[in-house]
Structures are given as C-alpha cells and as structure tokens.
Amino acid sequence: MDTIERNIHTLLVSIKRSSVYKEYKEQENILNKTPELAERVSQFRANNFRLQNEGDRSDLFRSADQVLKESADLRRDPRVNAYLDAELALCRLMQHVCRSLTAGIDMNIPPL
C-alpha cells in the first residue's frame with residue numbers, strides 16, 4: 001500500500017471514530033427501527049438531491065415547494081429531525097475535508 005492509500009485509510013478511520021460520524025450512525029440506527037419512516041426519509045433525501053442537482057428548471061418552484069412541505073412534515077418527528085441534523089453535520093465534515101485537500105494542492109482551478 002503506498003503512502004497516499006495509507007493516509008486515506010487513516011483519514012477514514014479518523015472520520016469513523018469522530019463524534020460526528022458516531023452520532024450520525026446512532027441516529028441512522030434509531031431511524032431504521034421504523035422501516036416505513038426510514039423509507040420516507042430516504043425518498044425525501046432522493047427528491048431533495050434531484051431538486052438541487054437535476055432540477056427541471058421549468059417546474060422549479062413547484063418542486064421546491066413540494067420538497068419544503070415534505071421536509072416540514074417529516075421534521076415534526078424528532079427521530080427524523082435528529083437524523084437529518086446528524087447527516088448535515090457529517091456532510092459538513094466531509095466538505096471541510098474536501099476543501100482542505102483542494103486548498104492544499106497547488107492547482108490552477110478557475111473560480112466558478
């Protein structure tokens with residue numbers, strides 16, 4: 001295993017040992033105890049991802065409104081709220097890792 005692969009492995013172990021990841025896994029386990037609710041959350045997450053990344057711009061406002069209503073409905077359940085908050089914290093940790101790596105590499109990347 002070369003140095004980069006070893007360091008990637010070390011980073012993954014560090015992330016999995018972090019309180020952010022442990023909280024995410026705990027909330028995931030709690031949510032998965034109610035399969036129907038977990039499926040609703042999974043479908044909501046997929047719809048939200050599609051809206052943000054593939055959104056049909058001709059129907060954007062209707063789609064965004066639908067996702068917003070679905071979010072409000074789901075977040076009334078404390079299990080869902082805790083899971084989505086934990087997921088967001090893990091995503092922010094991953095973004096921090098990616099930004100730190102990108103900032104530390106000397107590449108000519110044009111601003112977006």
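Is D73 buried, exposed or partly exposed? D73 counts as partly exposed because its relative accessibility is 34%. The legends below describe close-up views of a predicted model.

**View 1. A salt bridge joins D73 and R40.** The closest N and O atoms of D73 and R40 are 2.7 Å apart. This pair links distant parts of the chain, with D73 in helix α4 and R40 in helix α3, 33 residues apart. R40 has a relative accessibility of 40% and therefore counts as partly exposed. The structure holds 7 salt bridges, and the next two views show others.

**View 2. D77 and R79 meet through their side chains in a salt bridge.** The N to O distance is 2.6 Å. D77 is buried, because its relative accessible area of 19% falls under the 20% limit. R79, with a relative accessible area of 32%, is partly exposed. Elsewhere, R40, D73 and R76 are joined into one network by salt bridges that share partners.

**View 3. K69 and D65 form a salt bridge.** Their closest N and O atoms lie 3.2 Å apart. Both residues belong to helix α4 and are 4 residues apart, so about one helical turn separates them. K69 is exposed, at a relative accessible area of 56%, whereas D65 is partly exposed, at 35%.

**View 4. The largest nonpolar core contains 16 residues.** L31, V41, L74, V80, Y83 and L84 have the most contacts inside this core. Two or more residues each come from α2 (19–32), α3 (35–54), α4 (60–74) and α5 (78–104). The largest share, 6 residues, is given by α5. In soluble globular proteins, nonpolar side chains tend to be buried together.

**View 5. L31 and its contacts are shown in close-up.** Leaving aside residues up to four places away in sequence, L31 touches L37, A38, V41, V80 and Y83. Three of the residues in this view, V41, V80 and Y83, are, like L31, among those with the most contacts inside the largest nonpolar core.

**View 6. Helix α5 has 27 residues.** From its first C-alpha to its last, α5 reaches 39 Å, close to the 39 Å expected at 1.5 Å a residue. The buried residues of α5 are V80, Y83, L84, A86, E87, L90 and V97. These buried residues pack against α1 (3–17), α2, α3 and α4. Among them, V80, Y83 and L84 are also listed with the most contacts inside the largest nonpolar core.

**View 7. I4, I8 and L12 make a nonpolar surface patch.** The area of the patch is about 280 Å². I8 lies in helix α1. Because its relative accessibility is 41%, I8 counts as partly exposed.

**View 8. K25 is placed in helix α2.** The relative accessible area of K25 is 30%, so K25 is partly exposed. K25 and R50 are 25 residues apart along the chain. Their C-alpha atoms are separated by 24 Å.

Notes
Residues numbered from 1 in each chain as written. Predicted model: local features only at pLDDT ≥ 70, side-chain atom pairs only at ≥ 80, totals over all residues. Heavy atoms only, no water. Core = buried A, V, L, I, M, F, W, Y, C linked by side-chain atoms within 4.5 Å. Buried < 20%, exposed > 50% of the residue type's maximum accessible area, 1.4 Å probe, protein only. Contact = heavy atoms within 4.5 Å. Expected span 1.5 Å × (residues − 1). Patch = residues over 30% accessible without salt bridge, like charges linked within 9 Å, V, L, I, M, F, W, Y side chains within 5 Å. Areas by Shrake-Rupley, 256 points an atom, 1.4 Å probe, with all protein chains shown as cover. Salt bridge = Lys/Arg side-chain N within 4 Å of Asp/Glu carboxyl O.
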